[in-house]
Amino acid sequence: MREVVVGRLVLADGVVPGRIVVEDGWIAEVAAEPDAGPPAGAAARGSMGSAGRRDGGAGPIVAPGFVDVHVHGWGGHDATGDADALSGMARALLRRGVTSFLPTAPTLPEAEIPRFAERVRAWMPGAPADGAEPLGFNLEGPFLAPTRKGAHDPDLLRTPAGIDPTIVDASLDGLRVMTIAPELPGSLELIERFAAIGIAASLGHSAATFAEARAGYRAGGRTTTHIFNAMSGVDHRAPGLAVAALTDDDAYVELIADGHHVHPALWPLIRRAKPADRLLLVSDALPFAGMGDGRTRIGGLEVEVRDGRATLLGTETLAGSVIALDSAVRNMAREGTPLHAAVAAASANPAALLDAADRGAIEAGRRAHLVELDDDLRVCRVMRGTGWITVEG
Ligand SMILES: [Zn+2]
C-alpha cells in the first residue's frame, strides 16, 4: 500500500515543505520541495513565530511520531493496571501524537515489580494497532534516595544491595530504562550490569554529590530522570547530579516541559549545556492526565490535580504531570526552541536512547510513524505505519 504525505516536514535540521512516500508502513522516500512553499529558513524558525506561522499552501506540519520513555498512564488508564488499562493508555497516547512509549511503574511493593513486568510482557504482542507501540517498560523505583523520594512511597524504597536479587532478575526481560540513585549501596554494580546488557540506567531521585553522580555516569549511567526534579539544583558550592548531568556530553537528560516542574527560564540553560541529541522530552504523566481537575492515586499515595498541576494531597510536592508530549513540544517551541529541535527531543533522541533506529525521524527506511500538526502545534492526525487516525477536536 502506497500513500503520499504532503506538508511542512520537520526534518533533523529544520522544517521544509516536501512530501513523504509511505509504502507498506515504511517511509520509502522523502523529497524536500522548497519551491512548494516559503523559504526553508522561514519555516525553520518554528511555527509559533510570525515568520513560519501563516505561510499558506505548504500544508500541515508533519513531524515524526513522538516517543515517550517516561509515562505512568493517560486518559484515566494506569500503566500498572491490567491489559485493558495498558491498551487504553496506548490508545489515549496515540491521539496525542505519541507513537511509541514505555509504560512506566512508580515504586511498587517488591513482589509487585516482577508482576508488572510480566503483565507488560504478556500484553505487548497483542497491543492495539491504533495505539502507541510499547517498546518495553520503565521502572522508576525502588532504588531511590529517601531524601529525594518525591511522590514515591518511602516505605517501599530499597537499595540494589538490599533487595532480593531474584526480584531484579525476574524483571529484566523487557526492561529498557530504570531510575537508580547512584549513591546507594550496590548502585554502581547494578549500573555496570545494566550497561552490559543494554538497559539504560537513568540517574535520578538522588542526593548524589557531584563526585557520586560522575561515578554513576562513568559506571555506565546513560540518562537522567527528570533533570532538576528530585535532585539538587545548580549550587555553585555543592554541585550534584544536575550539574554532572548537564556537563557530561554523553548523558541524556529528561525534561518535563510542562512549565511547573522546571521553570521555563531554565530551559535555555539546559539546551545550551546539552548536545542537541541528548535532550529527552518526557511527560512523566499520571494516569489522570487528560481527565481535567480532580483526585487520583498513584502508588498508594493520594494526588490532587488542579489547574494542570498535580501534587500529593495537602502538599506542594509535584506528583508527575498531566501533559503529553505534544504539549511539551508546543511549550518548548513557544519558549523559543526551534521546532525541529523540540521535535527531535520528543522523537529522534528518545528513539536513539532505546536503540530503536527503525523510528524517530522522517527518513527513508524508517517506520511511517507520523504526526500531523496545525499551525498552533495541535495534533490533527496520527499515522502508525498505515492510514491516518484523525484526532477529534
Ligand atoms: Zn515518573
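This briefing covers the domain layout, the contact between the domains and one open sheet. The model is predicted. The protein chain is assigned two stretches for domain 1, 2–63 and 359–390, while domain 2 spans 66–353. A four-stranded open sheet with antiparallel pairing is described after the domains.

**Domains and their contact**
- The centres of domain 1 and domain 2, taken over C-alpha atoms, are 28 Å apart.
- Contact between the domains involves 22 residues of domain 1 and 24 residues of domain 2.
- On the side of domain 1 that touches domain 2, the elements giving two or more residues are strand 1 (2–11), strand 2 (14–23), strand 20 (369–373) and strand 21 (379–384).
- Strand 21 contributes the most to this side of domain 1, with three residues.
- Sorted by class, the side of domain 1 that touches domain 2 holds 13 nonpolar, five polar and four charged residues.

**The open sheet**
- Its four strands follow the order 16-17-18-19, and their pairing is antiparallel.
- Strand 16 (294–298) and strand 19 (318–320) are at the edges; each has a single partner strand, so one side of each lacks a neighbour in the sheet.
- On average, neighbouring strands of this sheet are turned by 40° against each other, direction ignored.

**Pairing of strands 17 and 18**
- Strands of a sheet pair through backbone hydrogen bonds, in either a parallel or an antiparallel way.
- Strand 17 (residues 301–306) and strand 18 (residues 309–312) run antiparallel and are joined by four bridges.
- V305 has A310, in strand 18, as its bridge partner.

Key
Residues numbered from 1 in each chain as written. Predicted model: local features only at pLDDT ≥ 70, side-chain atom pairs only at ≥ 80, totals over all residues. Pairing = 2+ DSSP bridges. Axes fitted to C-alpha atoms, helices over the stretch in contact; angles between N-to-C directions. Domains from an automatic or database assignment. Contact = placed C-beta atoms within 7 Å. Nonpolar A, V, L, I, M, F, W, Y, C, P; charged D, E, K, R; others polar.
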